[in-house]
Amino acid sequence: MSYFLDDEAFNYFQNLFEVLEENLALADEANQLLEERPLWPDFLVKSGIPLIAPAESDYAKILKNISFEKDFWSLEQHKIKAYTPFPYDVTKVKGSLYREKPSLAYSDKDFSYLELTQYGIPWMSLCPHEITTMQKPIKEAHGKVLTFGLGLGYFACMSSKKESVESLTIVEQSETLINLFKEKILPRFPNQAKIRIINKEALNFAKSEDLAIYDYVFSDLHHTALDGFSLNLALANIFKTKNNCKFRIWIEEEFLILIRRLILTLLSDESIRSDDLNEFPGEREASKTIIAILRTKKWSKEELMGLLSNKNIRKILPVLINGFEYLN
């Protein structure tokens, strides 16, 4: 029996861990599908991957005929070939065992989209995945909005159209990208008067500015949940005391999945039974903080279910790097 769980919770955990292994296998299969392109239509149908017809976004129309290349920044058209799987939305999670289903789709026709890269690495694309996953933060944005990361300005443009958005401040550390954006893209915005751009690194800005003036903050500084993990946890820690401000992270659902997987992995690790946290082989503060949370009690099934819920994981996001403060 686990050091942290009562009998019923341990049986529940065993089922959770079996599903976790299935989830990881599904994720590997999805990544393999994304690499094997294009695929046979019959195979895509049998795999349950839906057929969609990506439409050109209103924002893509605003950026029509724009391209640039300067100081390793590039804006150009990319193409996804017909019958090529592509990410369409965040991973869906269902049920009390947290079964995951990667959101993939395909089209029966080629389609193009704009992509912004630096040193060949994509920073923002007007592809179906990024358009779909931006809809929730755009819908939530209100009042005085702050966003970390400029990208192609999609969030800024669509949010600034809303009457409920009074102003929108963008924090971006690349001066070259800011200048290109101001020259090529911003003049086409219908509500550009609402928008202010500040050339500063995100954490430095968050630590030095008056954040109480903002009603909604959106962080879009990462390609995936994994590469944005540490930076966004640090920002979450800064914003945890700003009760008037809603702090949101792009593809936040993927961050919650990563943390849930980490909790389950730590629960399965016999080495964390030691009373000395310093003996834990992992060095990440997030792991150590989760272990401290687990050690607060012997968990019942209901309490473990609560710990793994999206609601509770959002609560512990700000404390996974700096300090320990379990919130009931």
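1. Surface patch. In this predicted model, Phe72, Tyr119 and Ile121 come together as a nonpolar patch on the surface. Their joint accessible area is about 370 Å². Phe72 sits in the loop between strand S1 (68-70) and strand S2 (73-80). Its relative accessible area is 58%. That is over the 50% cut-off, so Phe72 counts as exposed.

2. Cis proline. The peptide bond between Arg37 and Pro38 is cis. Omega there is about -15 degrees. Pro38 belongs to the loop that links helix H1 (7-35) and helix H2 (41-46). This bond deserves a look in the viewer, with H1 and H2 on either side of the loop.

3. Positive phi at Asn65. Asn65 is not a glycine, yet its phi is positive, at about 65 degrees. The residue is in the loop between helix H3 (58-62) and S1. Is Asn65 buried or exposed? Its relative accessibility is 75%, so Asn65 is exposed.

4. Positive phi at Ile251. Ile251 also has a positive phi without being a glycine, here near 45 degrees. Ile251 is in the loop between strand S13 (246-249) and helix H9 (252-268). The relative accessibility of Ile251 is 7%. Buried means under 20%, so Ile251 is buried. Asn65, by contrast, is exposed.

5. Strand S10 and its cover. Strand S10 spans residues 165-172. Six of its eight residues are buried, so the strand is mostly covered. S10 pairs with strand S9 and is also joined to strand S11.

6. The S9 side. Strand S9 covers residues 143-148. S9 and S10 are parallel, with six bridges between them. Where does Gly143 fit in? Gly143 stands opposite Val165 of S10. Helix H5 (residues 154-160) makes the connection in a β-α-β unit with S9 and S10. That unit is right-handed.

7. The S11 side. Strand S11 covers residues 195-199. S10 and S11 run parallel and share five bridges. Val171 has Ile198 of S11 as its bridge partner. Helix H6 (residues 175-185) completes a β-α-β unit with S10 and S11. This unit, too, is right-handed. S10 therefore takes part in two such units, one with S9 and H5 and one with H6 and S11.

8. Salt bridge Glu22-Arg99. How many salt bridges does a search of the whole structure find? The count is nine. In one salt bridge, the side chains of Glu22 and Arg99 meet at 2.8 Å, N to O. Glu22 is in helix H1 and Arg99 is in strand S5 (residues 99-101), so the pair ties together parts 77 residues apart in sequence. Glu22 is partly exposed, at 41% relative accessibility. Arg99 is partly exposed as well, with a relative accessible area of 42%.

9. Salt bridge Lys64-Glu56. Lys64 and Glu56 form another salt bridge. Their closest N and O atoms are 2.8 Å apart. Lys64 has a relative accessible area of 42% and is partly exposed. Glu56 is partly exposed too, at 42% relative accessibility.

10. Salt bridge Arg248-Glu140. The side chains of Arg248 and Glu140 also meet in a salt bridge, at 3.6 Å from N to O. Arg248 lies in strand S13 and Glu140 in helix H4 (residues 128-140), so this pair ties together parts 108 residues apart in sequence. S13 is the strand that precedes the loop holding Ile251.

11. Ile49 and its surroundings. Ile49 is in the loop between H2 and H3. Is Ile49 buried or exposed? Its relative accessibility is 9%, so Ile49 is buried. Which residues does Ile49 touch, leaving aside those up to four places away in sequence? They are Leu33, Leu44, Leu104, Ala105 and Tyr106. Pro102 is a further residue to locate from here. Ile49 and Pro102 are 53 residues apart in sequence, and their C-alpha atoms are 9.8 Å apart in space.

How values were computed. Residues numbered from 1 in each chain as written. Predicted model: local features only at pLDDT ≥ 70, side-chain atom pairs only at ≥ 80, totals over all residues. Heavy atoms only, no water. Patch = residues over 30% accessible without salt bridge, like charges linked within 9 Å, V, L, I, M, F, W, Y side chains within 5 Å. Areas by Shrake-Rupley, 256 points an atom, 1.4 Å probe, with all protein chains shown as cover. Salt bridge = Lys/Arg side-chain N within 4 Å of Asp/Glu carboxyl O. Helix = DSSP H or I, 4+ residues; strand = E, 2+ residues; numbered from the N terminus. Buried < 20%, exposed > 50% of the residue type's maximum accessible area, 1.4 Å probe, protein only. Pairing = 2+ DSSP bridges. Contact = heavy atoms within 4.5 Å.
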